[in-house]
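Welcome! Here is a short guided look at a protein model, for a reader meeting it for the first time. Keep the view open as you read along.

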Amino acid sequence: MSEVLVAKQKKVALVVGSQGVIGRNLIDYLVTLPDWEIIGLSRRGGVSTDRIQYIAVDLLNVEECRQKLSSLSHTTHIFYAAYQDKPTWAELVTPNLAMLINVVTVVEDIAPRLQHVSLMQGYKVYGAHLGPFKTPARETDAGHMPPEFNVDQQQFLEERQKGKSWTWSAIRPSVVGGFALGNPMNLAMVIAVYASISKELNLPLRFPGKQGAYDKLLEMTDAGLLAKATVWAATETRCANQAFNINNGDLFRWNEMWPEIARYFELETAPPLPMSLSVIMADKELLWNRMIEKYNLALHSYQEVSSWGFGDFVFSWDYDMFADGSKARRFGFHEYVETREMFLSIFDDLRQRKVIP
């Protein structure tokens with residue numbers, strides 16, 4: 001096979017939001033696939049390698065996007081997983097929609113071989129963040145009253161794609177489990193740091209969530225599983241212009257999972273006690289710094305390992321939180337992960353990286 005033909009067949013992934021838990025794991029998976037070239041976009045950039053080119057860019061700055069993305073005319077697939085956090089649902093819309101519009105507009109104009117745009121969403125599409133919603137949620141469920149940036153983003157892609165040769169997919173995971181630092185939505189890190197500090201203070205591991213949340217049905221999505229599903233949907237022609245719920249495939253309740261987590265950290269449990277992690281963990285930075293020295297941990301700041309607001313959000317769900325993942329299976333994706341093993345694997349990884357004792 002000629003070098004020209006090989007180059008023509010090579011797929012080029014533009015991973016937007018490459019330093020988040022989803023983007024990092026997506027890149028880790030793409031690196032294992034020989035027919036992909038990888039470009040990572042984020043505000044922080046990264047250290048490029050022979051397989052991965054990182055670009056630091058402010059996606060809200062249109063001119064900066066045009067300038068820094070001007071060389072990416074060979075892009076074939078956009079994997080959009082960027083997110084900018086804001087304090088209210090309404091405030092999330094403008095920046096998160098603008099970043100997607102800027103990326104797609106710039107790349108579409110310069111990349112004649114663009115084949116697919118993959119959009120990372122979540123169960124907010126179903127109103128899961130607002131209160132008790134219909135479960136299991138399905139991709140065909142009715143929409144809800146805005147504001148909701150996930151919906152606005154999909155509507156933009158649907159309109160933009162009309163009459164074009166490229167296609168889109170919308171991937172809807174539950175809470176994602178995986179490794180990332182400085183990420184505002186990292187539940188496994190919340191639990192690991194909370195448990196480590198509880199152990200340091202000789203305290204049992206108490207579930208800190210809202211009364212009623214301890215016994216509700218939940219599910220999660222392993223970041224590695226999500227990466228595989230995302231690439232599958234972006235390259236399987238039957239998945240064109242479709243949305244897919246992606247989850248581990250099992251359900252759990254905290255009243256069963258929490259003792260398993262406590263056992264991993266060699267902690268006793270005590271009855272749940274509703275408390276805001278954002279409040280009670282706010283004064284633990286000096287303790288954490290002492291733990292870094294005591295256990296020779298990697299020098300990550302307390303801010304890098306803290307996602308307390310997200311922990312409070314997840315632990316406040318006093319209603320069932322799960323979706324029907326059978327559509328992806330019907331279309332051919334059959335991977336699954338046991339959630340208990342996912343948690344323990346992430347905790348092992350955090351210990352190996354010396355993020356926690």
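## A buried ring pair

Let us begin with two aromatic residues: F244 is buried, and F331 is buried too. Keep in mind that the model is a predicted one. The rings of F244 and F331 form an edge-to-face pair, with 5.2 Å from centre to centre and 80° between the planes. F244 belongs to strand β10 (residues 242–246), while F331 sits in the loop between α12 (326–330) and α13 (339–352), so the pair ties together parts that are 87 residues apart in sequence.

F244 has another partner to look for: the charged end of K327 sits over its ring, 4.8 Å from the centre. A similar arrangement can be found at F179, where the charged end of R353 sits over the ring, 3.6 Å from its centre.

## More aromatic company

How many aromatic pairs does the structure hold? There are 26 of them. One is formed by F207 and W258, again edge-to-face, at 5.3 Å centre to centre and with 85° between the planes. This pair links distant parts of the chain, 51 residues apart: F207 is in the loop between β8 (205–206) and β9 (220–222), and W258 is in helix α8 (residues 254–264). Both F207 and W258 are buried.

These two residues also belong to a cluster linked by ring pairs, whose members include Y194, Y214, F252, W254 and F315.

## The two sides of α10

Now turn to helix α10, where L287, W288, M291 and I292 are buried. Viewed down the helix axis, the buried residues of α10 fall within an arc of 145°, so they line one face of the helix. A general rule helps here: an α-helix has 3.6 residues a turn, so residues three or four places apart point the same way.

What do the buried residues of α10 pack against? Their neighbour is α6 (187–200). On the other side of α10, you will find L286, R290, E293 and K294 exposed. Just after the helix comes N296, which takes a positive phi of about 55°.

## A serine in the loop

Follow the chain onward to S306, in the loop between α10 (285–294) and α11 (308–314). Is S306 buried or exposed? Its relative accessibility is 18%, under the 20% cut-off, so S306 counts as buried.

The side chain of S306 has two contacts to look at. One reaches the backbone oxygen of Y302 at 2.5 Å. The other is a polar contact of 3.2 Å with the side chain of W308.

Key:
Residues numbered from 1 in each chain as written. Predicted model: local features only at pLDDT ≥ 70, side-chain atom pairs only at ≥ 80, totals over all residues. Heavy atoms only, no water. Helix = DSSP H or I, 4+ residues; strand = E, 2+ residues; numbered from the N terminus. Buried < 20%, exposed > 50% of the residue type's maximum accessible area, 1.4 Å probe, protein only. Polar contact = N/O pair within 3.5 Å; in protein donor to acceptor, adjacent residues only side chain to side chain. Arc of directions from axis to C-beta. Contact = heavy atoms within 4.5 Å. Phe/Tyr/Trp six-rings, centres within 6.5 Å; stacked < 30°, edge-to-face > 60°. Lys NZ or Arg CZ within 6 Å of the ring centre and 35° of its normal.
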